[in-house]
Amino acid sequence: MDDIDIGVDTIVAAKRVLKDVDLILQTKQVRLNSGKTQILTRAEALLHFRVVENARLDVLTKRVDRRLKASLPVAREQRLVELRIARGLRKKAFDAGNGEKVLKRWITLAHRVRAEISPRNLELIIRLRPSVRENAFGYIRMQPLTAARAKVLASCSMSGLFVDDAAMVDMANYLVETLSVERRGRMEHIANIVASTDPENYYGFYCRLWLQSKYSKKEDVLLTMKRYRNTWIAHERLGRLVGALRPLFSASVLNHEYEELIFSTQNAGARDTFKFQSRLARDIGMFNDMYPALSNPNPSRGTGITHAKFLCLIAALQNPNAPSPRKDNLRTRHSLALRDIHYRSIARSAGVL
């Protein structure tokens, strides 16, 4: 349960409802957050909930829906979205009441009509608006990664303004699923993002290894797993992350060293996911079981596939017992992912392209 909005006719009724809600919550050992609980008049509520702005957004959204469905141009709507986001941020129009919820809706429309949000504004949103960060990451993910946006993400990761682990975890998860068609102007910034993580702690290790599994050399991935062995060895879930990277090493001279690391740790998660990937790469029964799930793209991802599924896809394509037509179909279904320069390099290294 998140926020609750209750409408009543009088202030007296509002206070009575407030008292009743507080008493009910107390029976569950929960209290109202007095700093966020407000009684608003009708006029104040209209401003707080941005009723007029939301109504206008509803009309615009319906217009965009109609034009996209009819394959009509949305250049006018695109320009409107760009202006409203830029002007709203400049005039601090999203700062009060439900302003950030309105901003989220504008960002969603920006993605749909391919409106441009400037790198400066993206950085301001990511740095200073924690509740809107995920929307900004999602906007970046759905378009090929540019040098300017990579620089924005690096600047934010090194800013010291991320006071919780969730921000870096979100950045890592969205960034590995962002289509990257060129290395130039981007890899320096991605390296800075990787360097800004702290692999001595649980979430920092997750972020570094997950990013490296796509953007770094295999030698660097293995070095991180070995150097920070004490960080992940006691955690089954981090172990599962380590074991899931088998497709990166299976056709490499580093494979023996990687396998030794997995089985020397006694980490059940690492062993289980390693064995799963191994079976997927050689067992026709496992291939057939996974084939329906692997055949379906993930259109909400910029690469058309989740990063975890891509690793499974590589293992499946390595299976010598799998029918060639089915493997060809998997390559065709995930042609967008294989346009990604880093994914293509992984696929070639694994011997499946």
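## Overall picture

A residue counts as buried here when its relative accessible area is under 20%, as exposed when that area is over 50%, and as partly exposed in between, using a 1.4 Å probe and protein chains only. By that yardstick, 43% of the 353 residues of the protein chain are buried. Keep in mind that this is a predicted model, so local features need pLDDT of at least 70 and side-chain atom pairs count only at pLDDT 80 or more, while totals for chains, interfaces and linings use all residues. Numbering runs from 1 along each chain as its sequence is written, and side-chain values use heavy atoms, with hydrogens and water left out.

The protein chain has 21 helices and zero strands; both are DSSP runs numbered from the N terminus, with helices being H or I of at least four residues and strands E of at least two. Along the principal axes, the C-alpha atoms fill a box of roughly 75 × 55 × 40 Å. The accessible surface adds up to about 18900 Å², and carbon and sulfur atoms own 52% of that; accessible areas come from the Shrake-Rupley method with a 1.4 Å probe, and for residues only the protein chains shown count as cover. Taking contacts with a separation of 6 or more, 69% involve residues 24 or more positions apart, where contact means heavy atoms within 4.5 Å.

## Helices α6 and α7

Helix α6 spans residues 119–128, and its buried residues are N121, L122, E123, I125 and I126. Their cover includes α4, α5 (99–113), α7 (133–141) and α8 (147–157).

Next along is α7, which has seven of its nine residues buried, so the rest of the structure largely encloses it. Those buried residues are R133, A136, F137, G138, Y139, I140 and R141. They pack against α5, α6, α8 and α9 (165–175).

## The end of the chain

A350 sits in the segment after α21 (341–349). With a relative accessibility of 9%, A350 counts as buried. What does A350 touch, leaving aside its neighbours within four places in sequence? The contacts are P247, A251, I314 and Q318. A350 and L248 make a nice long-range pair: 102 residues separate them in sequence, yet their C-alpha atoms are 6.8 Å apart.

## Salt bridges

Side chains of opposite charge can pair when their charged atoms come close. For a salt bridge, the cut-off is a side-chain nitrogen of Lys or Arg within 4 Å of a carboxyl oxygen of Asp or Glu. The count by this rule is 17 salt bridges. One of them joins K214 and D340, with 2.9 Å from N to O. This pair ties together distant parts of the chain, since K214 belongs to helix α11 (residues 202–215) and D340 to the loop between α20 (324–333) and α21, 126 residues away. Are these two buried or exposed? K214 is buried at 2% relative accessibility, and D340 is buried too, at 0%.

R331 and D328 also form a salt bridge, their closest N and O atoms lying 2.9 Å apart. They are three residues apart in helix α20, which means about one helical turn separates them. Both ends are partly exposed, R331 with a relative accessible area of 22% and D328 with 42%. Then there is D283 with R279, at 3.7 Å from N to O. D283 is partly exposed at 28%, as is R279 at 39%. Finally, D95, E100 and R129 are linked in a network of salt bridges.

## Surface patches and charge

Patches are built from residues with over 30% relative accessible area and no salt bridge, joining like charges within 9 Å and nonpolar side chains (Val, Leu, Ile, Met, Phe, Trp, Tyr) within 5 Å. R56, R84, R87, R90 and K91 make up a positive patch. Helix α4 (residues 75–90) is the top contributor, giving three residues. R84 lies in α4 and is partly exposed, at 35% relative accessible area.

There is also a nonpolar surface patch of I11, L18, L32 and I39, which together have about 280 Å² of accessible area. L32 is found in the loop between α1 (11–26) and α2 (42–48).

As for charge overall, Lys and Arg count as positive and Asp and Glu as negative, leaving out His and the chain ends. Each charge is placed at NZ of Lys, CZ of Arg, CG of Asp or CD of Glu. On that basis, the mean positions of the 59 positive and 36 negative charges of the protein chain are 5 Å apart.
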